[in-house]
Amino acid sequence: MVVVVAPYVRFSHSCEVHFMSSCQGELAGERVWLRVEDANGGVVREGEVTLLPNGFVELWLPRGQRFTFTARYGGLEARKTLTTFAGSPTCVTDVPLKETPSDQS
């Protein structure tokens, strides 16, 4: 199943069904690091990608599963649970990139 995700810093739009002609993400053409894990912690995809001209990354994921999506961009991080069940959104735009807490005490 194709699921498209648009991480953002300042703005997004509400969407559940992706339309290439009208969906536009904030970070068009930007490079982000991402990781997608299945429910068992297996890595489905990991590495740096360039977001498409519409600001999305396309993910081809097996149907009927739950995944953890993580994106990093310029010191910011976003996490989102993605699903590929019947009725799951194909367009995921509620993925805000935020500062991550420092590991230093």
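This report covers the fold, the nonpolar cores and the salt bridges of one protein chain. The model is predicted.

## Overall fold

The protein chain holds eight strands and zero helices. In sequence order the pattern reads β-β-β-β-β-β-β-β. Of its 105 residues, 39% count as buried. The chain exposes about 6,300 Å². Carbon and sulfur atoms supply 49% of that area. Among contacts with a separation of 6 or more, 54% join residues 24 or more positions apart.

## Strands β1 and β4

β1 and β4 run antiparallel to each other and pair over four bridges. One bridge partner in β4 is Leu59, which faces Val3. Side chains along β4 alternate. Val57 and Leu59 point to one face and are buried. Glu58 and Trp60 point to the other face and are not buried.

## The nonpolar cores

The largest nonpolar core has 21 residues. Which of them touch the most other members? They are Val5, Val36, Val57, Leu59, Leu61, Phe69 and Leu82. Six strands each supply at least two residues of this core: β1 (2-8), β2 (31-38), β4 (57-60), β5 (66-73), β6 (76-83) and β7 (91-96).

Val5 gives a view of the packing. Leaving aside residues up to four places away in sequence, Val5 touches Gly55, Phe56, Val57, Leu59, Phe69, Leu82, Val92 and Val95. Val57, Leu59, Phe69 and Leu82 also stand among the core residues that touch the most other members. The two buried side chains named in β4, Val57 and Leu59, are thus both on that list.

Another core lies apart from the largest one. This second core has five residues, among them Val4, Ala6, Phe56 and Cys91. Phe56 is also one of the residues that Val5 touches.

## Salt bridges

The structure holds seven salt bridges. Three of them are listed here, with the distance from N to O.

| Pair | N to O distance |
|---|---|
| Arg10 and Glu26 | 3.3 Å |
| Arg35 and Glu37 | 2.6 Å |
| Arg35 and Glu46 | 2.7 Å |

Take the pair of Arg10 and Glu26 at 3.3 Å. Both residues lie in the loop between β1 and β2, so their salt bridge ties together parts that are 16 residues apart in sequence. Are the two partners buried or exposed? Arg10 is exposed, with a relative accessible area of 71%. Glu26 is buried, at 16%. The cut-off for buried is under 20%, so Glu26 falls within it.

The other two pairs share Arg35. Glu37 meets Arg35 with the closest N and O atoms 2.6 Å apart. Glu46 meets Arg35 at 2.7 Å. This second contact links distant parts of the chain: Glu46 sits in strand β3 (residues 43-50) and Arg35 in strand β2, 11 residues apart. Salt bridges with shared partners join Arg35, Glu37 and Glu46 into one network.

How accessible are the members of this network? Arg35 is partly exposed, at 21% relative accessibility. Glu37 is partly exposed at 24%. Glu46 is partly exposed at 45%. Partly exposed covers the range between under 20% and over 50%, so the 21% of Arg35 counts as partly exposed and not as buried.

Note on methods
Residues are numbered from 1 along each chain as its sequence is written. This is a predicted model: local features need pLDDT of at least 70, side-chain atom pairs count only at pLDDT 80 or more; totals for chains, interfaces and linings use all residues. Side-chain values use heavy atoms; hydrogens and water are left out. A nonpolar core is a set of buried Ala, Val, Leu, Ile, Met, Phe, Trp, Tyr and Cys residues joined through side-chain atoms within 4.5 Å. Buried means under 20% relative accessible area, exposed over 50%, partly exposed in between (1.4 Å probe, protein chains only). Contact means heavy atoms within 4.5 Å. A salt bridge is a side-chain nitrogen of Lys or Arg within 4 Å of a carboxyl oxygen of Asp or Glu. Accessible areas come from the Shrake-Rupley method with a 1.4 Å probe; for residues, only the protein chains shown count as cover. Two strands pair if DSSP finds at least two bridges between them.
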